[in-house]
Amino acid sequence: MIAGTPGTGKSTVTRLLSEKCSVRAINLSELALEKGFILTYDQDRKTYVVDEDKLVNYLRGLASETSGIVVNTHYPEIIPPDLVDKVFILRAHPLILEKRLSSRNWDRRKINENILAEIIGVVASNAASAFGEHRVYEIDTSYSSPDEVADLICMVLKGERALEPGVKIDWLSIMEPSEVLKFEDYLGSEN
Ligand SMILES: Nc1ncnc2c1ncn2[C@@H]1O[C@H](COP(=O)(O)OP(=O)(O)OP(=O)(O)O)[C@@H](O)[C@H]1O
Ligand SMILES: [Mg+2]
């Protein structure tokens, strides 16, 4: 699985992996839309609510047919652990992530919500709880290109490179409090 906060590069890296690494790589939310595995549209969050049961059943079928498949999602814990070998968590320094997300047509609240999630490491820690730290591999994409990230994952999948598992990246420890507080308006608007 390839997971990470929005803007860390999952879709870009997944596309490159399927082009360069001869693995089958799919984008979970695109698959859900394509197959109609959708319960409703959440107006407030401007996002589709996925029918997880249907999606998981479909993936289980795919997994039994193919030798291996790379699945890109920002919500890895919906996949049952027995289907999961490795979870690559793409990470990005929050100020670099801000640059990537600012080029999207998103409102500030949604951008800040996601940057705060990256600062706290929500996706990485949820993946570690769901699958165990031994299956979680963080990749810092801050100063590398999408090609370099895809090549690294490809080498790991082929057993040509080993990464140390575990959740180690802690952006809070290297950020100034004022840099973090810049993004707090999302929290403020919730209270
Ligand atoms: N090292 C890198 N790895 C991946 N993407 C990078 C990297 N450096 C810069 N980028 C850029 O960051 C952006 C990431 O966007 P992308 O849509 O791939 O993210 P995503 O994680 O799939 O987001 P979402 O969860 O919203 O689908 C792209 O424009 C990509 O070119
Ligand atoms: Mg994506």
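**Surroundings of ligand 1 and the packing of helix α6**

In the predicted model, 16 residues surround ligand 1, and those that come nearest are Lys10, Ser11, Thr12, Arg104 and Ser144. Classified by residue type, this shell comprises nine polar, four nonpolar and three charged residues. Two helices, α1 (10-20) and α7 (146-157), each contribute at least two residues to the shell. The largest contribution is that of α1, which provides four residues.

Oxygen atoms of ligand 1 take part in polar contacts with Gly9, Lys10 and Ser11. For Lys10, the contact involves an N or O atom of the side chain, at 2.7 Å from a ligand oxygen. For Ser11, a backbone N or O atom is found 2.8 Å from an oxygen atom of the ligand. Gly9 likewise engages through a backbone N or O atom, with a separation of 3.1 Å from a ligand oxygen. On its own, ligand 1 has 640 Å² of accessible area, of which 72% is covered by the protein.

Attention is now turned to helix α6. This helix spans residues 122-131, and its buried residues are Val123, Ala124, Ala127, Ala128 and Phe131. These residues lie on the same side of α6 because the arc that they cover around the axis is only 135°. The cover over the buried residues of α6 includes the strands β1 (2-3), β6 (87-91) and β7 (136-140). After α6 comes Gly132, which has a positive phi, near 90°.

How values were computed: Residues numbered from 1 in each chain as written. Chains lettered and ligands numbered in written order. Predicted model: local features only at pLDDT ≥ 70, side-chain atom pairs only at ≥ 80, totals over all residues. Heavy atoms only, no water. Near = heavy atom within 4 Å. Polar contact = N/O pair within 3.5 Å; in protein donor to acceptor, adjacent residues only side chain to side chain. Areas by Shrake-Rupley, 256 points an atom, 1.4 Å probe, with all protein chains shown as cover. Nonpolar A, V, L, I, M, F, W, Y, C, P; charged D, E, K, R; others polar. Buried < 20%, exposed > 50% of the residue type's maximum accessible area, 1.4 Å probe, protein only. Arc of directions from axis to C-beta. Contact = heavy atoms within 4.5 Å.
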